[in-house]
Amino acid sequence: MPSPRTAEHLRLEAALSRDNHWRRWGPYVSDRAWGTVREDYSRDGDAWHYFPHDHARSRAYRWNEDGIGGLSDRRQEICLALAFWNGADPILKERFFGLTGPEGNHGEDPKEYYFYLDSTPTHSYMRMLYKYPQRAFPYDQLVARNRERSRDEPEFELIDTGIFDDHRYFDITIEYAKADEEDVLLQVTVVNRGPDAAPIHVLPTLWFRNTWSWRLGAHKPSLHALPSTGPVAALRADTRHYGARYAIFEGRPPLLFCDNETNTRRLYGDPDGPSCPKDGINDYVVGGATAAVNGAGMGTKAAAHYVLDVPAGGSRVVRVRFTPTPPSPTTFDDFDGVLATRLAEADAFYATVIPAHLSPDEARVMRQALGGMLWSKQFYHYDVKTWREGDPAQPPPPRGGRRDARNSEWTHLYNDDVISMPDKWEYPWYAAWDLAFHCVPLALVDSDFAKRQLLLMLREWYMHPNGQVPAYEWNFSDVNPPVHAWAAWQVYCLERDRTGTGDLAFLERVFHKLLLNFTWWVNRKDEGGNNVFEGGFLGLDNIGVFDRSQPLPGGIYLEQSDGTSWMAMYSLNLLTIALELARHDAAYEDVASKFWEHFLFISYAMAHQEQGEDVNLWDEEDGFFYDILRLGRGQYQRVRIRSMVGLIPLFAVATLEARDLETLPAFRRRMRWFLEHRPEFAASIALMHVPGQQARLLLSLVSPDRLSRVLGYMLDEREFLSPFGVRALSRYHEQHPFSVIVGGVEHRVDYEPGESCTPLFGGNSNWRGPIWFPVNFLLIESLRTLHHYLGPEYRVECPTGSGRHLTLAEVADDIARRLTSLFMPGQDGRRPVFGAEDRFARDPLWHDLVPFHEYFHADTGKGIGASHQTGWTGLVASLLHKKPVAI
């Protein structure tokens, strides 16, 4: 079908062809750069303590910047963001506050309320909302109250302090609109929700990322105040890459200048430190320190200082233009028109993306999910070699200790790109498997960006020379589930379905790099050489009875149901891609046969006895998949935990179309030879002899009889099935905890539907019971694929024991409905994601501001973990996009 042709689609086409650079300027400024590995130069590798929030206003960042509602170029040479002061806070609000990992009783956590509401893919229009209290922000109270709480208690949130009582806060709406690819308009609307007039200082701030302090003789850029021109104040920024640019402020506010340099006087007692350092504007506005700003009107950081008195229920507007055009008396004449036009164009664009049959609430959630994902792009810079060796103009970093060991095998890694982040405050660094899921909903609005993100992780300055994909900056060598091929195929199909043409060049590029990664898995993660894989942590944090990222004592190792299943899924994903490429190039038929056979070997190893020993991952007595603990000398123990680990085998499923096989004679011939000469490998698992719907053939780790047994657990509301999706751990373990003794130490697993009670992985993530979107999404996709083969005659009881029998497609729809219900008002008007907090449920100023959390309480639906995780939870947009029309 022909692609839509809205104004935003035309901008995307121009960006793709490089005729215009509509993506050059975007929301690429992080919500948090302090407390990250990149900024950690300590000996012990304690990033949180080395660079705390208290240092952030005074210390120049080495690698990338943070701010509120920030915009920068894709190289982050120069940034524009907002700062605020309510007249009561001890510091300017230049960045969102939150607790460090050690401070929070469930790990790191932002203690602010802000919401990314809307964005087009080219960022021609963007909108976010920040709720800023009028009373003094309770920094110390938030730290103290959370520190005194145990892991068994809920987190103490900003709203619990009473600071929003009587509506004494400002709603601050930040909007960006581009008049053209280089001309950016910023509008800040401050609404006083309180009963009395209240003052607020609004400081649109422009600054250069500090790139001059690290290298000897490096060029230092500059900002200069310009003479007043009519009703505006302006400054000029002399950039290296974009020439002269101008920040123009309506209303002639005073301009304050300092330098984006570390305040060594404050932090280190250095009497010779810079006189107007990074926190100079803070010290001037909050403390009245006139010497802290440069009276000559120049520096590398500058802010316009608006002091507004906002009446009760009233509003004030601040308007800024950031442009290559010098200021004039008419600078703001077209401002309102451009803003209105870009918003109308955003509406027109999303009308082509959001299905018309969605309810207004569903459409709002889908648009906020996609808008939040687009806001969550971030400039990410990390050169591991330079980080380890230090900078020529700085003292060398300390040697030895944890810092020196961290990522020591990744000195080739050089990241200098705009990347989709899981959460720009809690996770302001990419994670490989998160990113793969991000790309699926992102492909609904910008398939080019989604494709480039997937390719980026496979480039030679990202991927390790041995073929491993980097995991995340705390430990690039950790192992994430291999979902890259799945995501690439999803993105390819979404674009093909929308445009009628698939990007074969993209698919081929991804495929060749993934061959290296697949080989790494085979060589590194099959301890016994028997096609049963380990993998360790695999992104599932504390789901197991052990810390799976650490080796077990005495040569014991874990053969993982999930590790093996992920590899079976990986084989089928690469098979699917190879078959698609083979339709256009017969040379790919050979490699398609390779992955078809590899899948059969893995499926056989998972489900059959080895040398007469009952050591396979499938437990016939229970009808479920479990990990195997290899104890040595032929000894083993089955780890009988009913968790997502035993459901992941469902992910490894694909169908082969009879009509497609007819066009691939070499592949069909090898397939038949293998089935004739090695029938044991396809006897029960891969249904290659029994055609299903429309003569399809099935490749699956789970045969129909085993499928019904596994689904009996998965669809049982006493086990996995929650009102809000499929739990990561069966509720069975609430009354029946699992424990095992290894090396004289007891290891235990209990059902935890909400926050984690264990400190593993910082304690802010929990796979022992809650609802996680990525694995639920894969379960839904797998059920739909199985239905594709089994058809409407195959039905299962859903929920188990209910007497209601559904097709697998209907089961998939039911799970999708449960997941999307997290964000929709129920019969009581409450959105489950908000939990029991009345303000979110009843207050119309809060009710429609939907957060996209990292995961969700399995029994109540309350959002938990990262509160702006518009990463893989953004998959709700894909679920709503596929929502079937009610009959």
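**Exercise 1. A residue with positive phi**

Does Asn-407 count as buried or exposed, and at what relative accessibility?

*Solution.* Before starting, keep in mind that this is a predicted model, in which local features need pLDDT of at least 70 and side-chain atom pairs count only at pLDDT 80 or more, while totals for chains, interfaces and linings use all residues. Residues are numbered from 1 along each chain as its sequence is written, and side-chain values use heavy atoms, with hydrogens and water left out.

Step 1: recall the cut-offs, by which buried means under 20% relative accessible area, exposed means over 50%, and partly exposed lies in between (1.4 Å probe, protein chains only). Step 2: apply them to Asn-407, which has 5% relative accessibility and therefore counts as buried. Step 3: locate Asn-407 in the loop between helix 10 (401–405) and strand 20, where helices (H or I, at least four residues) and strands (E, at least two) are DSSP runs numbered from the N terminus. Step 4: look at the backbone, where Asn-407 has a positive phi of about 55° although it is not a glycine.

For a second case, turn to Gln-694, whose phi is near 50°, again a positive value in a residue other than glycine. Gln-694 belongs to the loop between helix 18 (665–677) and strand 27 (697–700), and its relative accessible area of 61% makes it exposed.

**Exercise 2. The surroundings of helix 12**

Explain why helix 12 is described as largely enclosed by the rest of the structure.

*Solution.* Step 1: consider the helix, residues 447–456, in which nine of the ten residues are buried, so the rest of the structure largely encloses it. Step 2: name the buried residues, among them Phe-449, Ala-450, Leu-454, Leu-455 and Leu-456, and also Asp-448 and Lys-451. Step 3: find what the buried residues pack against (contact means heavy atoms within 4.5 Å), namely helix 1 (7–16), strand 19 (377–383), strand 20 (414–420), helix 11 (432–445), helix 13 (484–499) and helix 14 (504–524).

**Exercise 3. Salt bridges across the sequence**

Describe the salt bridge of Glu-182 with Arg-245, and then that of Glu-261 with Lys-220.

*Solution.* Step 1: state the rule, by which a salt bridge is a side-chain nitrogen of Lys or Arg within 4 Å of a carboxyl oxygen of Asp or Glu; the structure holds 71 of these salt bridges. Step 2: take Glu-182 and Arg-245, whose closest N and O atoms are 3.0 Å apart. Glu-182 lies in the loop between strand 8 (169–178) and strand 9 (184–192) and Arg-245 in strand 13 (residues 243–250), so the pair ties together parts that are 63 residues apart in sequence. Glu-182 counts as buried at 14% relative accessibility, and Arg-245 counts as buried at 1%.

Step 3: take Glu-261 and Lys-220, whose side chains meet in a salt bridge at 3.2 Å, N to O. This pair links distant parts of the chain, 41 residues apart, with Glu-261 in the loop between strand 14 (255–258) and helix 5 (264–268) and Lys-220 in the loop between strand 10 (198–208) and strand 11 (222–225). Glu-261, at 17% relative accessibility, counts as buried, whereas Lys-220, at 38%, counts as partly exposed.

**Exercise 4. Reading a sheet**

In what order do the nine strands of the open sheet stand, and which are the edge strands?

*Solution.* Step 1: apply the pairing rule, by which two strands pair if DSSP finds at least two bridges between them. Step 2: read off the order, 6-7-8-9-18-13-12-11-15, with antiparallel pairing. Step 3: identify the edges, strand 6 (113–119) and strand 15 (298–299), each of which pairs on one side only. Step 4: examine one pair inside the order, strand 11 and strand 12 (residues 232–239), which are joined in the antiparallel sense over four bridges; here Ser-222 stands opposite Asp-238 in strand 12.

**Exercise 5. A cis peptide bond**

Which two residues does a cis peptide bond join, and what is omega?

*Solution.* Step 1: the bond joins Cys-798 and Pro-799, with omega about -5°. Step 2: place Pro-799 in the loop between strand 32 (795–797) and strand 33 (805–807).
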